[in-house]
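Let's take a walk through this structure, one region at a time. Keep the 3D view open as you read.

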Amino acid sequence: MAELSDQPLFNCRNCQNPLALRSDLLSKNFWGKSGPAYLFSHAMNIIVGQKEDRKLITGLYTIADIYCCNCGEVLGWKYLRSYDVRHKNKEGKFIIERARISKEY
(Lines give C-alpha, C1' and ligand atoms only; values in the text may rest on other atoms or scores of the structure.)
Protein backbone atom coordinates (compact mmCIF):
# COMPACT_ATOMS: atom_id res chain seq x y z
CA MET A 1 0.00 0.00 0.00
CA ALA A 2 3.04 2.29 -0.05
CA GLU A 3 2.10 3.58 -3.50
CA LEU A 4 -1.21 4.85 -2.08
CA SER A 5 0.20 6.59 0.98
CA ASP A 6 0.68 9.97 -0.71
CA GLN A 7 -2.80 10.10 -2.25
CA PRO A 8 -6.10 11.00 -0.58
CA LEU A 9 -8.30 7.91 -0.20
CA PHE A 10 -11.95 7.16 0.25
CA ASN A 11 -12.38 4.35 2.80
CA CYS A 12 -15.20 2.08 3.91
CA ARG A 13 -16.84 3.90 6.80
CA ASN A 14 -17.44 0.57 8.57
CA CYS A 15 -13.91 -0.92 8.52
CA GLN A 16 -11.63 1.76 6.97
CA ASN A 17 -10.69 -0.49 4.02
CA PRO A 18 -9.43 1.75 1.14
CA LEU A 19 -11.95 1.82 -1.71
CA ALA A 20 -10.99 4.57 -4.16
CA LEU A 21 -8.42 7.26 -4.85
CA ARG A 22 -9.32 10.94 -4.94
CA SER A 23 -7.93 11.03 -8.49
CA ASP A 24 -10.61 8.49 -9.54
CA LEU A 25 -13.50 10.69 -8.35
CA LEU A 26 -15.46 11.85 -11.39
CA SER A 27 -18.52 13.51 -9.84
CA LYS A 28 -20.17 14.26 -6.50
CA ASN A 29 -23.50 14.93 -8.20
CA PHE A 30 -25.14 11.49 -8.02
CA TRP A 31 -27.82 9.88 -5.91
CA GLY A 32 -27.77 6.39 -4.37
CA LYS A 33 -30.34 4.34 -2.47
CA SER A 34 -29.66 6.16 0.81
CA GLY A 35 -28.85 9.65 -0.47
CA PRO A 36 -25.92 11.50 -2.05
CA ALA A 37 -23.35 9.40 -3.90
CA TYR A 38 -20.09 9.80 -5.80
CA LEU A 39 -19.18 8.49 -9.25
CA PHE A 40 -15.72 6.90 -9.53
CA SER A 41 -13.81 5.67 -12.57
CA HIS A 42 -12.16 2.89 -10.52
CA ALA A 43 -12.71 1.17 -7.18
CA MET A 44 -10.54 -1.26 -5.24
CA ASN A 45 -11.02 -3.82 -2.49
CA ILE A 46 -14.60 -4.51 -3.54
CA ILE A 47 -16.67 -7.52 -4.48
CA VAL A 48 -18.98 -7.16 -7.47
CA GLY A 49 -22.31 -8.92 -6.98
CA GLN A 50 -24.78 -10.45 -9.41
CA LYS A 51 -25.80 -8.36 -12.39
CA GLU A 52 -29.39 -7.23 -12.69
CA ASP A 53 -31.45 -4.76 -14.67
CA ARG A 54 -32.55 -1.84 -12.51
CA LYS A 55 -34.63 1.23 -13.28
CA LEU A 56 -32.78 4.27 -11.92
CA ILE A 57 -33.58 7.98 -12.06
CA THR A 58 -31.94 8.41 -15.47
CA GLY A 59 -33.20 5.20 -17.08
CA LEU A 60 -32.73 1.46 -17.29
CA TYR A 61 -29.29 -0.03 -16.58
CA THR A 62 -27.66 -3.38 -16.02
CA ILE A 63 -25.82 -2.94 -12.73
CA ALA A 64 -24.17 -5.03 -10.04
CA ASP A 65 -24.14 -4.09 -6.37
CA ILE A 66 -20.65 -3.63 -4.91
CA TYR A 67 -19.53 -4.67 -1.44
CA CYS A 68 -16.50 -3.99 0.73
CA CYS A 69 -14.25 -7.07 0.43
CA ASN A 70 -13.28 -6.78 4.10
CA CYS A 71 -16.58 -6.32 5.98
CA GLY A 72 -19.22 -7.01 3.31
CA GLU A 73 -20.90 -3.60 3.60
CA VAL A 74 -23.05 -2.71 0.57
CA LEU A 75 -21.37 0.38 -0.89
CA GLY A 76 -23.28 1.13 -4.08
CA TRP A 77 -23.15 -0.36 -7.56
CA LYS A 78 -21.20 -0.72 -10.78
CA TYR A 79 -22.78 0.33 -14.07
CA LEU A 80 -22.40 -2.57 -16.49
CA ARG A 81 -24.68 -1.43 -19.31
CA SER A 82 -26.84 1.55 -20.19
CA TYR A 83 -29.83 0.98 -22.43
CA ASP A 84 -29.80 4.70 -23.34
CA VAL A 85 -27.01 5.86 -25.64
CA ARG A 86 -26.92 9.21 -23.79
CA HIS A 87 -25.65 7.43 -20.66
CA LYS A 88 -23.12 5.01 -22.18
CA ASN A 89 -20.36 7.05 -20.50
CA LYS A 90 -21.39 5.52 -17.13
CA GLU A 91 -20.62 1.97 -18.21
CA GLY A 92 -17.81 0.43 -16.16
CA LYS A 93 -17.98 3.18 -13.53
CA PHE A 94 -18.85 2.91 -9.83
CA ILE A 95 -21.40 4.63 -7.62
CA ILE A 96 -20.38 4.69 -3.96
CA GLU A 97 -22.87 6.17 -1.53
CA ARG A 98 -21.55 9.04 0.58
CA ALA A 99 -22.99 7.51 3.77
CA ARG A 100 -20.83 4.39 3.25
CA ILE A 101 -17.42 6.09 2.95
CA SER A 102 -15.05 8.36 4.78
CA LYS A 103 -12.21 10.41 3.32
CA GLU A 104 -8.58 10.12 4.44
CA TYR A 105 -5.80 12.59 3.62
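One thing before we set off: this is a predicted model. With that in mind, start at Cys12, whose bridge partner in E9 is Ile101. That pair belongs to a longer contact, since strand E1 (residues 9-12) and E9 run antiparallel to one another over 4 bridges.

Now zoom out from that contact. E1 and E9 are part of an open sheet of 3 strands, ordered E2-E1-E9, and the pairing is antiparallel. Strand E2 (18-21) and strand E9 (101-104) sit at the edges with a single partner strand each, so one side of each has no neighbour in the sheet. On average, neighbouring strands here are turned by 30° against each other, if you ignore direction. As background, strands of a sheet pair through backbone hydrogen bonds, either parallel or antiparallel.

Next, the empty space. What is the volume of the largest pocket? It comes to about 170 Å³. Its lining includes Asn29, Phe30, Trp31 and Gly32, along with Lys33. Leu56, Ile57 and Thr58 also line the pocket, and so do Trp77, Tyr79 and Lys90. Two elements give two or more residues to this lining, namely strand E3 (25-32) and strand E7 (74-82). E3 gives the most, with 4 residues. Sorted by class, the lining has 6 nonpolar, 3 polar and 2 charged residues.

Pause at Gly32, one of the lining residues. Gly32 belongs to strand E3, and at 8% relative accessibility it counts as buried, because the cut-off for that is under 20%. Its C-alpha atom is 9.4 Å from that of Leu75, although the two residues are 43 apart along the chain.

Lys33, also in the pocket lining, takes us over to the charged pairs. Side chains of opposite charge can pair when their charged atoms come close. How many salt bridges does the model have? The count is 6. In one of them, the side chain of Lys33 meets that of Asp65, at 3.9 Å from N to O. Asp65 lies in strand E6 (residues 59-68) and Lys33 in the loop between E3 and strand E4 (35-40), so this pair ties together parts that are 32 residues apart in sequence. Are these two partners buried or exposed? Asp65 is buried, with a relative accessible area of 12%, whereas Lys33 is exposed at 57%.

Another salt bridge joins the side chains of Arg54 and Glu52, at 3.2 Å from N to O. Here Arg54 is the buried partner, at 14% relative accessibility, while Glu52 is partly exposed at 34%. The two salt bridges don't stand apart, either: Lys33, Glu52, Arg54 and Asp65 are linked in a network of salt bridges.

Our last stop is the salt bridge between Glu73 and Arg100, where the closest N and O atoms are 3.5 Å apart. This pair links distant parts of the chain, with Glu73 in the loop between E6 and E7 and Arg100 in the loop between strand E8 (94-97) and E9, 27 residues apart. Glu73 is partly exposed, with a relative accessible area of 27%, and Arg100 also counts as partly exposed, at 28%. From that loop the chain leads on to E9, the edge strand where Ile101 pairs with Cys12.

How values were computed. Residues are numbered from 1 along each chain as its sequence is written. This is a predicted model: local features need pLDDT of at least 70, side-chain atom pairs count only at pLDDT 80 or more; totals for chains, interfaces and linings use all residues. Side-chain values use heavy atoms; hydrogens and water are left out. Two strands pair if DSSP finds at least two bridges between them. Axes are lines fitted to C-alpha atoms, for helices over the stretch in contact, and angles run from 0 to 180 degrees between N-to-C directions. On a 1 Å grid over the protein atoms alone, a cavity is a set of points where a 1.4 Å probe fits but cannot get out, and a pocket is an open set with protein on both sides within 12 Å along at least five of seven lines; lining residues have an atom within 4 Å of a point. Grid points are joined across faces, edges and corners, and a volume is the space filled by probe spheres set on the points. Ala, Val, Leu, Ile, Met, Phe, Trp, Tyr, Cys and Pro count as nonpolar, Asp, Glu, Lys and Arg as charged, and the others, Gly among them, as polar. A salt bridge is a side-chain nitrogen of Lys or Arg within 4 Å of a carboxyl oxygen of Asp or Glu. Buried means under 20% relative accessible area, exposed over 50%, partly exposed in between (1.4 Å probe, protein chains only).
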